[in-house]
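Trainee: Please take one part of this model and go through it closely, step by step. I would like a single connected account and not a list.

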Amino acid sequence: MNEKQTESHERLKKELTDLIEGEVKDSEDVLETYSRDTSLFKVRPELVVCPKNPEDVKKIVRYVAEHKSKNPKLSITGRSAGTDMTGGPLNESLILSFTEHINGVEVDEDNMEATVEPGAYYRDFEKNILPDHLSYPPYPASKTIAAMGGVVMNNSGGEETLRWGKTEDYVKEVTMVLSDGNEYTFGKISRDELEAKKSQQNFEGEIYRKVFDLVDQNQELIQSRRPRVSKNSAGYDLWRIWDGEHFDLSKLFVGSQGTLGMFLRARLRLVKEKPNKKMLVLFFKSWDSVPDVVNEVLPFDPESLEVFDRDTMILALRFFPAIAKSAGKKLIPFLWHFLPEAWVGVKMLGMPKLVMIVELAEDTEAEADKKAQEIAEKMKSHRRVWTRLLPNKDEEEKYWIIRRQSFSLLRQNVKGKVAAPFVEDFCILPEKMPEFLPKMLAIMKEYGIKANLVGHAGNGNYHTIPLMNLKKASEREKIPVVADKIYKLVIEYGGTITAEHNDGILRTPYLEEMYGKEMTDLFAAVKNIFDPQNIFNPGKKVGGSKEYFKAHMAED
């Protein structure tokens, strides 16, 4: 920084420090940490602010709103655990870090609800607070390291979404600090309540009037652009706000990546856990059988229907000690559990092309066993599919470890290359996968990119994990070119470019290609209604560019 920039920085730091009870940080190690998430990108913030309470958040928002005209670069991005894979919590101005202080959780067991703050880690919520018989099903695969701010603001889903739905199906209310610096709570309201809100002569009333008019006047366009897949986190969710009887702005905030306001807390619906689980593992020689198998399994209402490919299985075998350590198991006894898979490999004359996990969860053990036996019987008609019915939880756990930790295994263990998530969350109709997948992999092969594949087979939602050496400019240059081609292919097959990981720096530039200009103009109008000065997480959902994408790719 030059002398003028240093003076401006120090003034900003002092004014914020004097303004709030929380901490304002700018040490080199802090700024370096907050310049990265788990995405491809690196964006260095000016300051990291740790608000101590909601009043701090309101004061910061008001400060930024008041000073924006004098300092156009001033903006705020909320951050929780930093596990985002799209650059969503990265910003060149202020980062508001919530994990330090605004991290509470309360469970109302009688009403099967929980109230969570953005900095609360999911693992603490699940292990220490959530009663054994209750569950929050749409947790992400990164549940051991993710926090609730990212879960809500990204509209997360995961291995149980097939049966239970995504985050959007569980949020009853959200409380936000909007651009006027005030706190508001949004949830489902009736037609009469909507009219009362619209009649208010204040900022909240203006929000309700403008959003209702936008949705009501553009209903035909909005419905015609709705992705015809079971999961979507691309753009703003304008499809579910108004059903003719109820109006629910919480649907708009869930998945908004903090671009419309600062998230303070959410009231979540919980469900009763089905205690008796049974798992089958299916081994495939080719992708061709997958759609038929999925269609045969879905009527049994599985809780999870997950897949990972041969390369992911090989990776797990390569780093088996790390897998055992993660599971808290001794290496040799844990290795013993994989002997049945070795026998399957002998019968198949080699490694399977992919592995599918089918997990059933029922109220009684008899129900779970009956369904598992019926599925196993059905699979006998598929000559190129081998089935294993797992006998106990230890056997089941090893598969969940492989499935959930594939990304971190790649990121931590492949020498000279890193996991480069840039086309890692597409969703298409499951029956189109055998035709789509070879075309997608052919694009990667054309550019010499090796990728692992995991995903949610029942939803047609897959995650590719390319391995690349990002220190090489030639490798980095491939990324936007390959992303262009693969996203174009996803759109051609009627899919969405993100089912659960959201847009961020990574996919915002592709939203117009997916939805068309008329729809992205509506997204821009929504952003302008809530945030006319563009103070909240700029460049995400609206205003992103491929140039910014290219300029901020990290080299490690």
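Mentor: Two strands pair if DSSP finds at least two bridges between them, where strands (E, at least two residues) and helices (H or I, at least four) are DSSP runs numbered from the N terminus. This is a predicted model, in which local features need pLDDT of at least 70 and side-chain atom pairs count only at pLDDT 80 or more, while totals for chains, interfaces and linings use all residues. Residues are numbered from 1 along each chain as its sequence is written, and side-chain values use heavy atoms, with hydrogens and water left out.

The part to look at is strand 8, together with what follows from its pairing. Strand 8 covers residues 171-177, and 5 of these 7 residues are buried (under 20% relative accessible area, with exposed over 50% and partly exposed in between, for a 1.4 Å probe and protein chains only). Strand 8 is therefore largely enclosed by the rest of the structure.

Strand 8 has two partners to follow here. One is strand 11, residues 262-269, which runs antiparallel to strand 8 and is joined to it by 6 bridges. Within this pairing, Val171 has Leu268 of strand 11 as its bridge partner. The other is strand 9, residues 183-190, also antiparallel to strand 8 and joined by 5 bridges. Here Val174 is bridged to Phe186 of strand 9. Strands 8 and 9 form a hairpin with 5 residues between the strands, and Gly181 in that hairpin takes a positive phi near 85°.

Strand 9 leads on to helix 8, since strand 9 is among the elements that cover the buried residues of this helix (contact means heavy atoms within 4.5 Å). The cover also includes helix 7 (191-199), helix 9 (219-224), strand 10 (246-248), helix 10 (250-253) and helix 22 (517-530). The buried residues of helix 8 are Phe203, Glu204, Gly205, Ile207, Tyr208, Val211, Phe212, Leu214 and Val215. An α-helix has 3.6 residues a turn, so residues three or four places apart point the same way.

Helix 8 has 15 residues, 203-217, and should span 21 Å at 1.5 Å a residue (the expected span is 1.5 Å times one less than the number of residues). The end C-alpha atoms of helix 8 are 21 Å apart, which agrees. At the start of helix 8, a side-chain oxygen of Asn202 comes to within 3.3 Å of the backbone nitrogen of Glu204.

Conventions. Polar contact = N/O pair within 3.5 Å; in protein donor to acceptor, adjacent residues only side chain to side chain.
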